[in-house]
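Could you look over this model with me before we discuss it? I have set down some points for a reader who has not met it before.

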Amino acid sequence: MTQSRAYHHGDLRRALLDAAVEVMAESGPAALSLRDLARRADVSHAAPAHHFGDKAGLLTALAAQGFELLAEALRDAGDDLVDTGVAYVGFAVRHRAHFEVMFRPDLYRPDDPAVVAARTRAGELLRTGVARRTGRGPDVDALAAWSIVHGFATLWLSGALPSRVGPDPEAAARTVISRLFP
């Protein structure tokens with residue numbers, strides 16, 4: 001391998017995370033290997049280990065990135081709780097690889113400071129939205145709201161919902177969430 005091949009990436013970390021998302025979209029997190037990511041990114045097999053240490057390190061970075069993306073989606077949804085729930089489902093559909101890792105703490109280091117900070121941000125946005133809507137303490141209501149939207153997203157992604165819900169996950173989620181939070 002030449003020096004130029006080994007260092008041709010402007011942002012190798014991001015390229016490796018993007019390659020990980022590709023692999024997981026094709027085959028799920030179990031199929032992920034640092035050696036395969038190096039091949040896909042066209043770098044030495046040691047390059048991913050330099051950035052992430054091991055597979056758990058890579059998945060930790062992916063989980064942190066996912067929670068950041070989720071927080072951004074929830075923030076952009078505004079103050080309406082139904083819109084926030086729809087944004088959650090939309091995030092899960094558009095960022096399936098992240099979603100599948102984020103809620104599997106057995107795959108990564110859940111106590112990593114970047115994960116904790118991003119997960120806390122996303123959770124606070126959901127809890128604040130629920131508290132504004134219900135006027136009550138956010139903990140139990142937020143757990144209920146999260147359970148509803150997370151369950152819907154998971155059912156959608158697994159193909160377990162009946163076909164009558166239609167082809168648009170966000171429209172279907174809006175219908176369901178609106179019934180529970182009129």
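The numbered points below go from the whole chain to its core, its helices, its spaces and a few single residues.

1. Overall build. This is a predicted model, and its chain contains 10 helices and 0 strands, so that the order read along the sequence is α-α-α-α-α-α-α-α-α-α. The C-alpha trace spans about 60 × 35 × 25 Å along its principal axes. Of the 182 residues in the chain, 40% are buried. Among contacts with a separation of 6 or more, 64% are made by residues 24 or more positions apart.

2. The nonpolar core. In soluble globular proteins, nonpolar side chains tend to be buried together. Here the largest nonpolar core has 53 residues, and the members that touch the most other members are Leu32, Leu37 and Leu58. Helix H5, residues 55-76, gives this core its largest share, which amounts to 11 residues. For one of the three leucines the partners can be listed: leaving aside residues up to four places away in sequence, Leu37 touches Leu16, Ala19, Ala20, Val23, Leu32 and Leu58.

3. The annotated region. The unreviewed UniProt entry carries the annotation "DNA-binding region" for residues 33-52. In the model this span is 70% helix and 0% strand, and the C-alpha atoms at its two ends lie 12 Å apart.

4. Helix H5. How far apart are the end C-alpha atoms of H5, and does that distance agree with or depart from the span expected at 1.5 Å a residue? The 22 residues of H5 should span 32 Å, and the end C-alpha atoms are 31 Å apart, which agrees. After H5 comes Gly78, which has a positive phi near 90°.

5. Helix H6. The same check can be made for H6, whose 14 residues should span 20 Å at 1.5 Å a residue, and whose end C-alpha atoms are 20 Å apart, in agreement. H6 is mostly covered, with 11 of its 14 residues buried. The buried residues of H6 are Leu81, Val82, Thr84, Gly85, Val86, Ala87, Tyr88, Val89, Gly90, Phe91 and Ala92.

6. The largest pocket. Rolling a probe the size of a water molecule over the atoms shows where empty space is left. The largest pocket has a volume of about 270 Å³. It is lined by 15 residues, of which Ala122, Gly123, Leu126, Arg127 and Trp146 are the closest to its centre. H5, helix H8 (113-134) and helix H9 (138-158) each supply at least two residues of this lining, and the largest share, 6 residues, comes from H8.

7. The cavity. The structure holds 1 cavity of 30 Å³ or more, and the volume of the largest cavity is about 30 Å³. Its lining consists of Leu81, Gly85, Leu126, Ala145, Val149 and Phe181. Helix H6 (81-94) and H9 are the elements that give two or more residues to this lining.

8. Asp42. Most residues other than glycine have a negative phi. Asp42, although not a glycine, has a positive phi of about 60°, and its place is in the loop between helix H3 (34-41) and H4. Asp42 counts as partly exposed because its relative accessibility is 32%, which falls between the limits of 20% for buried and 50% for exposed.

9. Asp54. The loop between helix H4 (47-52) and H5 holds Asp54. With a relative accessible area of 32%, Asp54 is partly exposed. Apart from residues up to four places away in sequence, Asp54 touches Leu34 and Arg109. Asp54 and Asp168 are 114 residues apart along the chain, and their C-alpha atoms are separated by 37 Å.

10. His98. Is His98 buried or exposed? His98, which belongs to helix H7 (residues 96-102), is buried because its relative accessible area is 5%, and the cut-off for buried is under 20%. Not counting residues up to four places away in sequence, His98 touches Val21, Leu62, Gln65, Gly66, Leu69 and Phe91. One of these partners, Phe91, is also among the buried residues of H6.

How values were computed: Residues are numbered from 1 along each chain as its sequence is written. This is a predicted model: local features need pLDDT of at least 70, side-chain atom pairs count only at pLDDT 80 or more; totals for chains, interfaces and linings use all residues. Side-chain values use heavy atoms; hydrogens and water are left out. A nonpolar core is a set of buried Ala, Val, Leu, Ile, Met, Phe, Trp, Tyr and Cys residues joined through side-chain atoms within 4.5 Å. Buried means under 20% relative accessible area, exposed over 50%, partly exposed in between (1.4 Å probe, protein chains only). Helices (H or I, at least four residues) and strands (E, at least two) are DSSP runs, numbered from the N terminus. Contact means heavy atoms within 4.5 Å. UniProt positions are given in the numbering used here, feature names are shortened, and annotations may be inferred rather than shown by experiment. The expected span of a helix is 1.5 Å times one less than its number of residues. On a 1 Å grid over the protein atoms alone, a cavity is a set of points where a 1.4 Å probe fits but cannot get out, and a pocket is an open set with protein on both sides within 12 Å along at least five of seven lines; lining residues have an atom within 4 Å of a point. Grid points are joined across faces, edges and corners, and a volume is the space filled by probe spheres set on the points.
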